[in-house]
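Notebook open, coffee poured. I want to see how the strands fit together and what surrounds a couple of polar side chains.

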Amino acid sequence: MAKKVAGKLKLQVPAGKANPSPPVGPALGQRGLNIMEFCKAFNAKTQEMEAGQPCPTLITYYTDKSFTMEIKTPPASFLIKKAAGLASASKTPGKETAGSVTTAQVRAIAEAKMKDLSANDIDAAMLIIAGSARSMGIEVKG
């Protein structure tokens with residue numbers, strides 16, 4: 001018999017740095033889930049990733065207090081800012097350009113995020129990433 005789903009929870013946790021402090025501890029604790037079990041499993045799954053990069057995580061928890069987690073790729077905005085070498089995007093996008101990324105960088109980001117995007121091919125994924133870059137005030141060159 002399949003386990004009965006009690007609910008779903010979305011968290012954004014830095015790769016390899018899950019610990020019982022907020023936001024992880026309170027979010028899992030109030031649902032009666034084992035916090036340390038989650039932290040160990042999450043850190044083990046993300047040890048290959050760059051430490052500290054944000055990982056959107058979808059946690060499905062069941063009535064027997066067990067859970068499964070799906071770790072998604074880092075947000076496009078994080079990857080775009082990293083490629084452009086910026087700490088933050090433009091404060092006034094459309095009026096001021098904060099930096100630029102090349103078409104090759106956009107392609108690399110699109111390939112990395114392909115499984116999380118609603119695009120059918122790499123060209124459509126590149127258009128999504130380029131649009132995100134422009135909305136952050138980052139110019140796409142090339």
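I began with a strand pair: β2 and β3 run antiparallel, and five bridges join them. A note to myself before going on: this is a predicted model.

Next I looked up a facing pair, and found threonine 60 standing opposite threonine 68 in β3.

Then I stepped back to the whole sheet. Three strands make up an open sheet, ordered β1-β2-β3, with antiparallel pairing. The edge strands, each paired on one side only, are β1 (5-14) and β3. On average, neighbouring strands of this sheet are turned by 20 degrees against each other, direction ignored. I also checked what packs on the sheet: helix α2 (residues 35-45) does, touching β1, β2 and β3. The direction of α2 makes about 30 degrees with that of β3.

Second entry, threonine 57. I located threonine 57 in strand β2 (residues 54-62). Is threonine 57 buried or exposed? Its relative accessible area is 3%, under the 20% limit, so I put threonine 57 down as buried. Leaving out residues up to four places away in sequence, I listed what threonine 57 touches: Leu9, Lys10, Leu11, Phe38, Phe42, Met69, Glu70 and Ile71. A polar atom of the threonine 57 side chain lies 3.1 Å from the backbone oxygen of cysteine 55.

Last entry, aspartate 64. I found aspartate 64 in the loop between β2 and β3 (67-71). At 47% relative accessibility, aspartate 64 goes in my notes as partly exposed. Its side chain makes a polar contact with the side chain of serine 66, at 2.6 Å. I also looked up a long distance: aspartate 64 and threonine 97 are 33 residues apart in sequence, and 51 Å apart in space, C-alpha to C-alpha.

Methods: Residues are numbered from 1 along each chain as its sequence is written. This is a predicted model: local features need pLDDT of at least 70, side-chain atom pairs count only at pLDDT 80 or more; totals for chains, interfaces and linings use all residues. Side-chain values use heavy atoms; hydrogens and water are left out. Helices (H or I, at least four residues) and strands (E, at least two) are DSSP runs, numbered from the N terminus. Buried means under 20% relative accessible area, exposed over 50%, partly exposed in between (1.4 Å probe, protein chains only). A polar contact is a pair of N or O atoms within 3.5 Å; within protein, one must be able to donate a hydrogen and the other to accept it, and residues adjacent in sequence count only if both atoms are side-chain atoms. Contact means heavy atoms within 4.5 Å. Two strands pair if DSSP finds at least two bridges between them. Axes are lines fitted to C-alpha atoms, for helices over the stretch in contact, and angles run from 0 to 180 degrees between N-to-C directions.
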